[in-house]
Each structure stands twice: as structure tokens, then as C-alpha cells.
Amino acid sequence: MLNLSKQRVDEQLWKHYPLRTLRTLPELNTSRRLGRVMIGILIGVVILLFLPWQQNITGDGSLTALTPQDRPQTVQNAIAGRIERWAVAEGDKVRKGDTLLVISEIKDEYFDPNLPLRLSEQLDAKRGSMDATDAKIQALDGQMAALKAGLEVKLASARNKVKQSRFKVISDSTDLVAVQKFYQTARVRLDRYEEAHRNGLISLTDLETRRLKFAEDQAKVVAQENKLNVSRQELANARLDLTEIQADYSEKMAKSLSDRSSAVSYRADAMGEVSKLQNKISSVDVRRGLYIIRAPQDGYVVKALKAGIGETIKEGESIATLQPDKPSLAVELYVRAMDVPLITPGRKVRLQFDGWPAVQFSGWPTVAVGTFGGQVAVVDAVSSTNGKYRLLVRPDNSDQAWPPQLRQGSGVYGWVMLDDVPIWYEIWRQLNGFPPSLKAEPEPTEGAKK
């Protein structure tokens with residue numbers, strides 16, 4: 001009946017007993033169909049294994065700004081003070097130069113409302129002292145010039161006196177020599193007269209006359225010697241006067257130089273005080289302008305870090321957080337160290353932002369839905385604290401624009417796209433834990449070339 005045996009049922013019996021239920025059963029061809037389906041699936045899998053697959057490097061991170069000036073910043077006060085008034089609220093949009101906060105002074109040395117006027121008066125007094133010191137320096141210069149001129153006159157007079165004394169000594173010396181010659185001659189004559197008197201040739205009167213003449217010549221010698229000694233003493237005195245004049249001039253000149261040096265030193269101190277006062281006046285003017293804390297650039301006040309009226313803030317303390325307006329957005333992705341050598345600036349990146357539904361096929365980016373394009377702009381030269389390397393990804397101008405609702409700090413998942421390989425190779429690489437491969441060595445960056 002079921003044709004399970006080789007023995008066939010007679011046709012007549014089959015026709016006599018139709019067996020309708022058995023006739024309604026399908027023919028047993030399921031195994032053949034299943035075989036065909038499995039063969040088709042196998043062929044499809046083999047074909048699929050040879051399809052191109054684009055390798056990629058995955059990483060996660062967050063949104064940031066490409067330039068530091070576009071990133072959230074804290075606004076700080078330059079001086080210490082007390083909060084008097086807040087001019088903004090959290091979430092307000094501000095322009096560059098708008099008032100954020102007004103503070104008042106807390107240092108007692110700046111309490112005087114007329115402090116600039118007082119400092120100006122001190123500055124005028126110091127400048128007057130400098131003018132007086134300049135006049136004193138000029139007077140001392142004139143005094144030294146007069147001393148020098150007087151010295152020249154006195155020195156010329158003293159030198160002339162020395163010359164006169166020297167000439168007088170020479171003249172007296174010559175006269176002494178002449179007198180001594182006369183004395184010697186008179187002595188010889190006296191000896192001859194003495195001999196002639198003993199011989200009776202001359203009288204005693206003539207002899208006494210000759211003796212008186214000899215005594216006169218002897219007295220002239222003594223007088224001339226005394227005169228020469230006086231001349232020599234006058235020469236010595238003239239030389240002493242010359243030396244005394246030079247010493248007196250040196251003393252007076254040294255005193256004048258000392259006074260001038262003291263005046264110059266005082267003037268230099270006065271100049272320093274003038275500079276300090278000018279600096280203080282400028283500092284007071286600048287400080288009074290710092291009582292109003294202004295926005296450094298266009299942006300939004302995100303959070304006030306200080307609150308209340310009358311609260312004291314320190315110098316350099318942060319008072320609010322400012323988010324710059326219209327920042328140049330970028331994505332910072334963190335990748336493994338083993339993948340960094342394969343990434344160079346300019347590589348294409350696919351990005352999936354938190355809050356934006358997406359269907360991503362990492363190997364076939366053209367069929368991905370909800371992802372956005374980017375390009376690698378910066379590859380850090382050192383690793384971050386988590387041991388990974390940071391990439392800065394800027395928007396790809398040739399791709400779909402990033403959503404305007406994006407905010408800095410939101411999460412991002414990205415794929416850095418590499419070269420195409422067969423799917424079977426990618427599966428084999430993933431199973432063996434090998435890194436992605438490149439067709440050529442990555443081009444070095446401009447910084448590395450330099």
C-alpha cells in the first residue's frame with residue numbers, strides 16, 4: 001500500500017479500494033528541497049565571504065571644540081572684592097564686554113575715593129624735588145668749574161713764584177761766588193800787607209786799613225750766604241704753597257664731587273619714586289576698572305560658581321562658567337595604542353551621536369543610517385591618563401552637516417575608516433586578534449616632516 005516493499009499491490013485491488021487519505025498525502029521530496037536550499041545558502045555564504053569589507057578602528061569619546069577658545073571656560077576676577085550685584089542669570093546669552101558681576105573694594109589701602117588725586121599730589125611733590133635736585137647738580141657743576149678755573153690761576157701764580165724764587169737763588173748763588181772771590185783776594189792781599197809790614201815796607205796805618213777792608217769783605221761773604229739761605233727758604237716756601245694749593249683744590253673738588261654724587265643718587269631715588277607713583281596711579285585706574293567683571297567673549301552663562309550679595313571672593317577665583325557662542329565643534333575619540341600608527345590626519349570617520357538613532361554597518365558605511373561623517377584633524381603625540389590616545393575629529397564638509405542641536409560633552413561613538421579587505425580576511429583577522437592592515441605606510445604629518 002505504501003510501496004515499502006518490492007511486492008506491488010494489484011491494480012484491481014487499488015482501484016477497488018481507493019484509500020483517499022493516502023492519496024491526499026504529499027510526495028516525500030522534502031530532503032531534496034532542503035539539500036538545494038542548503039547548497040544555495042552555502043554558495044551565498046561563499047560569495048558573501050569574498051565581498052569587500054572596509055576595515056575600521058572603533059573608539060568612543062565626547063563632543064568638544066576644535067580650538068581651545070571655543071571650549072567652556074571659567075570667568076575669573078582679577079582682584080579680590082565683595083559681590084555687590086549680579087547682572088546676568090544662568091542661561092543668559094552675553095556679548096563680549098557685557099557686565100557679569102559688580103564687586104566693591106575690600107583692601108583698606110584703596111578705600112580713599114580721592115586716592116588718584118592724592119597720588120597725583122605726591123607725584124608733583126616728587127617731581128619738584130627732582131627739579132630742585134637738578135638745580136643743585138647744576139650749581140655743583142658750576143662750582144667745580146669755578147674751582148677748576150681758580151686752581152689754574154692760583155697754580156700759574158704759584159708756579160711763577162717758584163720760578164722767581166729759583167731765579168733769585170741762582171742770582172744770590174752767583175753773588176756769593178763773586179763775594180767769596182773778593183774775600184779770597186782780600187785775604188791774599190792782607191797776607192802780603194802783613195809780610196810787608198814786618199819787613200818795614202809799609203806803615204801800620206796802611207796795614208790796619210787793609211785789615212778793615214778784609215773784615216768788610218768777610219762780612220759781605222757772611223751777608224751773601226745769609227741772603228742765599230733766605231732765597232732758598234723762599235723757594236722752598238713757594239714750592240710748599242704750590243703743593244698746598246693743589247691739596248686744597250683736591251679737597252674742595254672731592255667735597256663737591258661727593259655732594260654731586262649724593263644729589264645724583266637722591267635724584268635717581270626720586271626718579272624711582274616717581275616711576276612707582278606713576279605705576280601706582282595706573283594700577284589704581286586699572287583696578288577701578290576691574291570692579292566690573294565682563295564677559296571675555298560671546299557665549300552663554302552656564303553656571304554661576306558664586307552666589308549671594310555681600311559674599312567675598314578671592315583674587316583669581318572662578319565666579320562663573322561661560323560656554324562660547326557658535327563653537328567650532330569637534331569630536332575627541334580615544335583609541336587603543338596599537339591602532340594609533342594606522343591613523344593619520346585626513347582619515348574618514350563615521351560618528352554616532354548619543355540621542356540620534358542610527359543603524360551602522362561599520363564595513364559598509366554607505367548603507368549606514370543616522371551616522372555623520374568626519375575627518376581626523378589631530379592625533380595626540382602622547383597617551384591620555386586611561387592609556388589610550390586621543391583623536392580630534394572635525395566635520396567632513398563633503399558629508400552631511402552635523403546636527404545643530406549637538407552640545408559639548410555629549411557622548412560619541414566613532415569608526416575610523418581604513419582600507420577595503422574581503423570579509424573572510426576580516427573574520428580571520430578578528431578571530432586571531434590581528435590589527436588592521438594597510439596597503440601602504442601612512443604618510444607622516446607635517447609636524448613629523450619638520
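This report walks through a few helices, strands and single residues of a predicted model.

## About the model

Residues are numbered from 1 along each chain as its sequence is written, and side-chain values use heavy atoms, leaving out hydrogens and water. In this predicted model, local features need pLDDT of at least 70 and side-chain atom pairs count only at pLDDT 80 or more, while totals for chains, interfaces and linings use all residues.

## Two helices

Let's start with helix 3 (residues 30-49), the home of Leu-34. Helices here are DSSP runs of H or I with at least four residues, strands are E runs of at least two, and both are numbered from the N terminus. Leu-34 has a relative accessible area of 51%, so it counts as exposed (over 50%; buried is under 20%, partly exposed in between, with a 1.4 Å probe and protein chains only).

Helix 4 covers residues 115-198, 84 residues in total. Its expected span is 124 Å, in agreement with the 120 Å between its end C-alpha atoms (the expected span is 1.5 Å times one less than the number of residues). Just after helix 4 comes Gly-200, with a positive phi of about 80°.

## An open sheet

Four strands, in the order 2-9-7-4, make an open antiparallel sheet (two strands pair if DSSP finds at least two bridges between them). Its edges are strand 2 (73-76) and strand 4 (93-94), each pairing on one side only.

Strand 7 (residues 299-304) and strand 9 (residues 318-324) are joined by five bridges. Tyr-300 sits opposite Gln-323 of strand 9.

## A buried aspartate

Asp-339 lies in the loop between strand 10 (329-335) and strand 11 (348-353). With 2% relative accessibility, Asp-339 is buried. Leaving aside residues up to four places away in sequence, Asp-339 touches Ile-57 and Pro-436 (contact means heavy atoms within 4.5 Å).
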